[in-house]
Structure formats: C-alpha cells, structure tokens
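Here are a few short exercises to work through with the model open beside you. Try each task first, then compare your steps with the worked solution.

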Amino acid sequence: MHLNFQMTDNILVASAFGELDHHSASTVRDEIDETMEAFQCRHLILDFAKVTFMDSSGIGVVLGRYNKVTKKGGRIFLAGCSEFVEKILYMAGIFTVVDKQKSVEDAICLIKGQEQLQMEVTVSGE
Amino acid sequence: MRIEFAALAENEAFARSAAAAFVACMDPTIEELTEIKTGVSEAVSNSIIHGYKENPNGTVELECQIREGGKIVIIVRDQGVGIEDVNKAREPMFTTGKTEERSGMGFTVMESFMDRLEVESRAGEGTTVTMIKQLDLSDGL
C-alpha cells in the first residue's frame with residue numbers, strides 16, 4: 001500500500017492505494033501522523049477510493065486518526081469507501097463518529113463551508 | 001491445500017492470496033472471494049500478532065479444502081501462546097493489544113463473513129481457527 005498526500009488550506013487529503021492490512025497499517029498510520037504534524041494540518045480526509053482490500057486493521061487506523069485529529073479540534077472524513085470497506089467499518093460503528101462522503105471534493109466543501117460559517121458567527125458576535 | 005509460512009506480517013497478503021487462488025476454480029463471486037480473503041487475513045493476523053507476538057520464528061499453517069456442494073473449509077493453525085478465554089476473545093471490541101491501535105473486531109469480522117467459525121485454543125498450546133463458507137453455486141445460472 002502507498003499513500004498520496006494533497007493539501008488544501010489546513011486540510012490534508014490522504015489517498016490510500018492498495019491493500020490495508022495489519023502489515024501496511026503501521027506505515028499508513030505513521031505517514032499520516034507525520035504529515036499532519038509536519039504541515040500543521042487541522043482536518044483530515046481519508047480517501048479510500050483506491051483501497052482494494054481492507055481487514056479490521058483499517059478500523060484501528062481510522063479510529064486512531066479520529067482520536068488524534070479531534071483532540072486538536074479538527075474534523076475527519078472518509079471518502080470514496082467501497083461497499084466492502086464500508087461494511088467492515090460499519091461493524092465497528094465507525095460512522096457514528098466519523099462522517100463519510102462520496103468524494104474528496106464533497107468532504108472539502110463541507111469542511112470549508114463549516115469554517116466559513118464559524119468565521120461569520122465570530123464576526124457577527126463581535 | 002496446505003501451506004506453512006513464517007509468522008511475518010508480510011505473509012498476511014500471501015496467505016489470503018493463496019486461499020483466493022485455491023478456491024478460484026469454484027468460480028466464486030467477487031464478494032465471496034473478498035469475504036474469504038478477509039477471513040484468512042483476520043485469522044492469520046491474529047496468529048502473528050497474538051499467537052506469536054510477532055516473533056518470525058513461529059510458523060503459521062493454512063489449510064483449505066473444497067468439499068462437495070461448494071463448501072469451503074479454511075483452517076488457520078499456530079503453536080503460539082493460545083487464548084485463555086476464547087469466549088471473551090470472540091466478543092466484539094475485546095482486545096489484549098494495548099500498544100498498537102487494535103480494534104478487537106477480528107473474530108467479529110470472521111463470524112460475519114463466514115457461515116461457521118470454530119476456535120480451539122488452550123493457553124500455551126496454540127490456536128486453531130476453522131472457518132466454513134458455503135459458496136452460492138447457483139450464481140449466474
């Protein structure tokens with residue numbers, strides 16, 4: 001498995017390619033955490049559109065990133081999950097805490113829209 | 001089919017691919033194949049992580065059988081530390097892995113993708129996981 005990273009403002013998009021299992025999970029976890037840290041990203045979008053296989057190791061990866069990102073006040077989204085990947089994540093109740101979107105673009109729109117709204121609330125509150 | 005391999009995380013992909021290649025002659029659906037691969041991946045990962053504590057000197061055994069009527073039997077065996085309380089281990093979200101991000105969902109995933117799951121284990125004597133899956137042979141006819 002390998003990862004591609006893209007940055008939009010303070011959002012990191014991590015696109016995963018290949019098979020996510022116990023073996024690849026440790027690299028995926030470390031690479032995402034290091035990149036989030038290095039570029040001081042606030043929000044994270046996990047793009048799983050090109051994940052060809054995933055077992056329960058993926059649950060740990062998603063939950064772990066959820067804990068880290070939300071601790072710093074950021075938001076996390078899953079994008080492009082196949083039906084099978086969704087099935088496994090659903091078993092662990094991931095979608096009760098992590099939002100999923102069809103595409104990365106949809107997730108970016110949501111994060112940006114919400115930040116805009118927060119800014120307006122702050123401005124009008126002054 | 002019976003293979004043995006070192007308890008290395010790299011071999012997880014090999015094990016599930018081998019099982020998938022073996023059952024391919026039964027013309028399973030993509031969904032059935034993915035479910036079999038996931039079950040094997042979970043069981044083999046458990047042997048490596050929990051059974052052998054990631055010690056590559058351990059050996060994991062994978063056995064696959066095709067029985068009459070499209071019944072697939074998969075056995076994953078290790079001579080690792082074993083499971084003290086199998087019923088507890090099978091509970092969703094239960095895990096003994098503290099250092100890494102383990103979800104404790106391995107057995108739950110195996111149970112939901114396979115028709116039957118049997119776990120035989122004794123502390124200090126290793127673990128044998130047997131999974132049975134009935135393929136839908138009427139598919140596409």
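**Exercise 1.** How many helices and strands are there in chain B?

*Solution.* Start with the ground rules: this is a predicted model, in which local features need pLDDT of at least 70 and side-chain atom pairs count only at pLDDT 80 or more, while totals for chains, interfaces and linings use all residues. Residues are numbered from 1 along each chain as its sequence is written, and chains are lettered from A and ligands numbered from 1 in the order in which they are written.

Step 1: take the DSSP runs, with helices being H or I of at least four residues and strands E of at least two, numbered from the N terminus. Step 2: count them, which gives 4 helices and 5 strands in chain B. Step 3: read them off from the N terminus, and the order is β-α-α-β-β-α-α-β-β.

**Exercise 2.** Find how compact chain B is for its length.

*Solution.* Step 1: compute the radius of gyration over C-alpha atoms, and set it against the globule rule, 2.2 Å times the number of residues to the power 0.38. Step 2: chain B has a radius of gyration of 15 Å, close to the 14 Å from the rule for 141 residues, so chain B is as compact as a globular protein of that length. Step 3: add the burial, where a residue is buried if 20 or more other C-beta atoms, placed from the backbone, lie within 10 Å of its own. Buried residues make up 40% of the 141 residues in chain B.

**Exercise 3.** Describe how helices α1 and α2 of chain B pack.

*Solution.* Step 1: fit axes to the C-alpha atoms over the stretch in contact, with angles from 0 to 180 degrees between N-to-C directions. Step 2: the axes of α1(B), residues 11–23, and α2(B), residues 30–51, come within 9 Å and cross at roughly 145 degrees. Step 3: list the contacts, meaning C-beta atoms, placed from the backbone, within 7 Å. On the α1(B) side, the residues include B:A15, B:A19 and B:V23, and those they meet in α2(B) include B:L33, B:I36 and B:V40. Step 4: sort by class, which yields 8 nonpolar, 2 polar and 3 charged residues. Here Ala, Val, Leu, Ile, Met, Phe, Trp, Tyr, Cys and Pro count as nonpolar, Asp, Glu, Lys and Arg as charged, and the others, Gly among them, as polar.

**Exercise 4.** Now do likewise for α1 and α2 of chain A.

*Solution.* Step 1: the axes of α1(A), residues 22–38, and α2(A), residues 57–71, come within 9 Å and cross at roughly 15 degrees. Step 2: α1(A) and α2(A) are therefore roughly parallel to each other, a label for angles under 35 degrees. Step 3: among the residues that meet are A:H22, A:V28 and A:I32 in α1(A), with A:G60, A:V61 and A:K68 in α2(A). Step 4: this contact has 4 nonpolar, 4 polar and 4 charged residues.

**Exercise 5.** Which elements of chain A give two or more residues to the side that touches chain B?

*Solution.* Step 1: count the contacts, with 18 residues of chain A against 19 residues of chain B. Step 2: assign them to elements, and α1, α2 and α3 (83–91) of chain A qualify. Step 3: the largest share, 6 residues, comes from α2(A). Step 4: by class, this side of chain A has 8 nonpolar, 6 polar and 4 charged residues.

Conventions
Angles under 35 degrees count as roughly parallel, over 145 as roughly antiparallel, 65 to 115 as roughly perpendicular and the rest as oblique. Two residues are in contact if their C-beta atoms, placed from the backbone, lie within 7 Å. A residue is buried if 20 or more other C-beta atoms lie within 10 Å of its own, exposed if 12 or fewer, and partly exposed in between; C-beta atoms are placed from the backbone.
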